[in-house]
Amino acid sequence: MSGSAERVVFVHDRPGLESFLTGGTIARLRSDGAEVIVLFGSASAGFPSAGSLSAADSDVRAAMAALDVSDWRMLPAASGAQSLAEAVADVLDEVQATAVVLGAADDTLRTAAAGAAGSLNVPVFEHRRVTDAVGRLLVAIDVSGQVDQKLRAIAAYPRLWSVTDHAVKAVGPVGSVGRVGPVGPVELPVTIGGTETFLRLSPEHAPDAQAAPGPLNRGLAAVVALLTGVVFGVLGTIAHQATVSIGSVTVPIGLILALSGITALLVGLRLVLGGRMAVLSSAIGLLGTIFILSLRSTGGSVLVPEGIPGLLWTVVPTLVATIVLAWPRIPARPGSA
């Protein structure tokens with residue numbers, strides 16, 4: 001997550017936590033020329049949950065100025081993880097994010113942000129303390145050159161934090177700060193050091209907005225894809241010999257439509273479902289149907305006569321299916337770490 005080409009979105013429960021948990025990394029990214037966008041979710045302790053920043057405006061502005069961030073936003077109030085995920089996805093798509101950093105304790109916000117990032121193939125990093133990720137490989141960011149910026153940003157929230165030298169403690173009852181990490185409460189006061197650590201979430205560890213489809217759903221999807229492939233194979237075989245004369249030019253309109261249809265089917269299944277199972281099932285139905293219908297019937301009739309159209313109809317679908325199945329990933333947008 002470094003370089004001027006990066007566009008990193010940080011997601012936190014409310015203002016103040018971005019500086020305390022990830023302020024050094026934000027400042028480091030900005031010093032490297034990366035774009036940083038900070039999103040705040042559900043708020044408390046006097047901070048609004050949506051709309052204007054009102055009374056917290058001056059605190060947030062001061063903290064963002066200390067971290068050299070000019071783009072921060074409050075997520076709109078949402079009724080659930082799905083609608084919140086859509087709001088996060090809109091931001092990720094708008095800024096063409098290359099990475100998402102989670103520092104949220106709220107499970108709904110974490111689920112929504114990770115689900116939105118996953119749907120757009122954007123890598124996700126979650127702030128973790130070393131003690132909270134024993135046995136896991138953490139990404140350590142050296143922020144020793146940004147410690148002073150981080151402390152200034154934390155001190156910009158006098159209603160939340162008190163800063164003495166490099167020590168930070170909560171102002172008022174610890175409960176007014178609440179959970180400030182994804183795993184559990186942080187023991188305060190904390191001495192701000194020169195390293196921030198993150199866990200890169202793999203798909204199997206990232207919280208998803210929706211549960212993964214079970215074996216029954218995957219099986220039904222494969223059956224539907226198989227039948228759809230059979231239908232496209234039948235229709236294409238019947239129509240591929242159709243032509244239209246435009247003046248002295250004969251246009252193989254049937255072949256064009258048939259090949260366009262099967263390409264759209266296979267590519268669409270890969271784009272929408274991501275995996276290869278549905279594409280493979282559809283390809284089996286499609287190619288199997290074409291093979292069977294290309295055989296000479298007992299009465300001697302042939303649906304796929306010899307010639308260029310017939311040759312293309314038997315060869316091109318196989319090539320399309322092979323390419324779509326072999327493609328390692330068809331991402332919504334390139335993401336980098």
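This is a guided tour of a predicted model, stop by stop, with a suggestion of what to select at each one.

**Colouring by confidence**

Begin by colouring the protein chain by pLDDT, which averages 81 over the chain, with 78% of the residues scoring at least 70. Then select residues 204–214, where pLDDT stays under 50 and for which the model has 15 contacts beyond four places in sequence. Residues 330–337 also have a pLDDT below 50, and this stretch has 23 contacts in the model beyond near neighbours in sequence. Where pLDDT is low, the predicted coordinates should not be read in detail.

**The aromatic pair**

Next, show the side chains of Phe 20 and Trp 161, which form the one aromatic pair that the structure holds. How far apart are the centres of the two rings, and at what angle do their planes stand? The centres are 4.4 Å apart and the planes are at 10°, and because planes under 30 degrees apart count as stacked, this pair is stacked. The two residues come from distant parts of the chain, since Phe 20 lies in helix α1 and Trp 161 in strand β7, 141 residues apart. Are these two residues buried or exposed? Phe 20 has a relative accessible area of 6% and Trp 161 has a relative accessibility of 3%; buried means under 20%, so both count as buried.

**Two nonpolar cores**

Keep Trp 161 selected and add Phe 10, Val 38 and Met 64, because these four touch the most other members of the largest nonpolar core, which has 36 residues. To see where this core comes from, select β1 (7–12), α1 (17–31), β2 (35–40), α2 (57–67), β3 (71–74), β4 (99–102) and α5, each of which supplies at least two of its residues. Helix α1 gives the largest share of the core, six residues. Apart from this core lies another one, of 28 residues, and to find it you can select Val 11, Leu 39, Ala 116 and Leu 199, which are among its members. In soluble globular proteins, nonpolar side chains tend to be buried together.

**Strand β10 and its partners**

From Leu 199, extend the selection to the whole of strand β10 (residues 195–201), which is mostly covered, with five of its seven residues buried. Strand β5 (residues 124–127) pairs with β10 in the antiparallel sense over four bridges, and here Glu 126 stands opposite Leu 199. Strand β6 also pairs with β10 in the antiparallel sense, again over four bridges, and Asp 142 stands opposite Thr 195.

**From β6 to α5**

Now follow the chain into the loop between β6 (139–142) and α5 (147–155), where you will find Gln 146. At 11% relative accessibility, Gln 146 counts as buried. Which residues does Gln 146 contact, leaving aside its neighbours within four places in sequence? They are Gly 24, Ala 27, Arg 28 and Ser 31.

**The sheet beside α5**

Moving on to α5 itself, you can see that this helix lies across β7 and β8, running at about 140° to β7. These two strands belong to an open sheet of three strands, in the order β7-β8-β9, with antiparallel pairing. The edges are β7 (161–164) and β9 (190–191), and because each has a single partner strand, one side of each is left without a neighbour in the sheet. Finally, select β8 (residues 167–170), which four bridges join to β7, and look for Ser 162 standing opposite Lys 169.

Methods:
Residues numbered from 1 in each chain as written. Predicted model: local features only at pLDDT ≥ 70, side-chain atom pairs only at ≥ 80, totals over all residues. Heavy atoms only, no water. Buried < 20%, exposed > 50% of the residue type's maximum accessible area, 1.4 Å probe, protein only. Contact = heavy atoms within 4.5 Å. Pairing = 2+ DSSP bridges. Axes fitted to C-alpha atoms, helices over the stretch in contact; angles between N-to-C directions. Core = buried A, V, L, I, M, F, W, Y, C linked by side-chain atoms within 4.5 Å. pLDDT = per-residue confidence, 0-100. Phe/Tyr/Trp six-rings, centres within 6.5 Å; stacked < 30°, edge-to-face > 60°.
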